Amino acid sequence: MLTVIAAVAAVPPADVGPVMILLRDFATRAIVATTTTTAGESYRYRLDLVPPGHYEIVATTDRDLDGALCDVGESCGAYPEREAPRAVTVVGGATVRARDFGLELVITAKPTAIVEKALTERRHA
């Protein structure tokens, strides 16, 4: 099992409200772990007891409480960037540090890689 420690932003950002961090299996998109962070925590996050594997780290707000990932009006990000998330490899007993990335306000319904994956998941659910 592993610990992932990082921050949503390298410099403390403006308060965008609570940010949910999702660790998803890179192949299946299954959510393996989640946590929430806030401006009071400088948007730092930590995910403990993560099994070895390849993961995608996604962050989103949910101001409208609709449960949708990264939809219009929300702040959204992924490691290393929202438009091109990459796998983070976790090996047993290790601590992965410094998987910092920024959030961007979603202002159009243009599908990003994250949204496309979420839509595909919903269609197959």
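This passage walks through the strands, cores, disulfide and backbone oddities of a predicted model.

Strand E5 is a handy place to start. It spans residues 53–60, and it is mostly covered, with 7 of its 8 residues buried. Three other strands pair with E5. Strand E2 (19–25) runs antiparallel to E5 and is joined to it by 6 bridges. In this pairing, Asp 25 sits opposite Tyr 55 of E5. Strand E7 (88–90) is also antiparallel to E5, this time through 3 bridges, and here His 54 has Thr 89 of E7 as its bridge partner. Strand E6, made up of residues 75–78, is linked to E5 by 3 bridges as well, and these two strands again run antiparallel. In E6, the residue facing Thr 60 is Cys 76.

The strands also feed the nonpolar interior. The largest nonpolar core holds 16 residues, and the ones with the most contacts inside it are Ile 21, Leu 23, Tyr 45, Leu 47, Val 50, Ile 57 and Phe 101. Strands E2, E4 (44–50), E5 and E7 each put at least two residues into this core. A second core, separate from that one, has 6 residues, among them Leu 22, Leu 69, Cys 76 and Val 106. As for how side chains are arranged along such elements, in a regular strand they alternate between the two faces of the sheet.

Cys 76 turns up once more in the disulfide. A search of the whole structure comes up with 1 disulfide, and it ties Cys 70 to Cys 76 with an S to S distance of 1.9 Å. The torsion about this S-S bond is about 75 degrees, so the disulfide is right-handed. Both cysteines, Cys 70 and Cys 76, are buried.

Thr 60 brings several of these threads together. This residue belongs to strand E5, and its relative accessibility is just 2%; buried means under 20%, so Thr 60 counts as buried. A polar atom of the Thr 60 side chain lies 3.2 Å from the backbone nitrogen of Cys 70, one of the two disulfide partners. The other partner, Cys 76, is the residue that stands opposite Thr 60 in E6. Setting aside neighbours within four places in sequence, Thr 60 is in contact with Pro 18, Val 19, Met 20, Leu 22, Leu 69, Cys 70, Glu 74, Ser 75 and Cys 76. Of these contacts, Leu 22, Leu 69 and Cys 76 are also listed in the second core.

The backbone has a few quirks too. The peptide bond running from Tyr 79 to Pro 80 is cis, with omega near -5 degrees, and Pro 80 is in the loop that lies between E6 and E7. Ser 42 has a positive phi, near 55 degrees, despite being a residue other than glycine. Ser 42 is placed in the loop between strand E3 (31–37) and E4, and at 25% relative accessibility it counts as partly exposed. Leu 49, also a residue other than glycine, has a positive phi near 55 degrees. Leu 49, however, is part of strand E4. With a relative accessibility of 65%, Leu 49 counts as exposed, whereas Val 50 is listed in the largest nonpolar core.

Methods: Residues numbered from 1 in each chain as written. Predicted model: local features only at pLDDT ≥ 70, side-chain atom pairs only at ≥ 80, totals over all residues. Heavy atoms only, no water. Disulfide = S-S within 2.5 Å. Buried < 20%, exposed > 50% of the residue type's maximum accessible area, 1.4 Å probe, protein only. Core = buried A, V, L, I, M, F, W, Y, C linked by side-chain atoms within 4.5 Å. Helix = DSSP H or I, 4+ residues; strand = E, 2+ residues; numbered from the N terminus. Pairing = 2+ DSSP bridges. Polar contact = N/O pair within 3.5 Å; in protein donor to acceptor, adjacent residues only side chain to side chain. Contact = heavy atoms within 4.5 Å.
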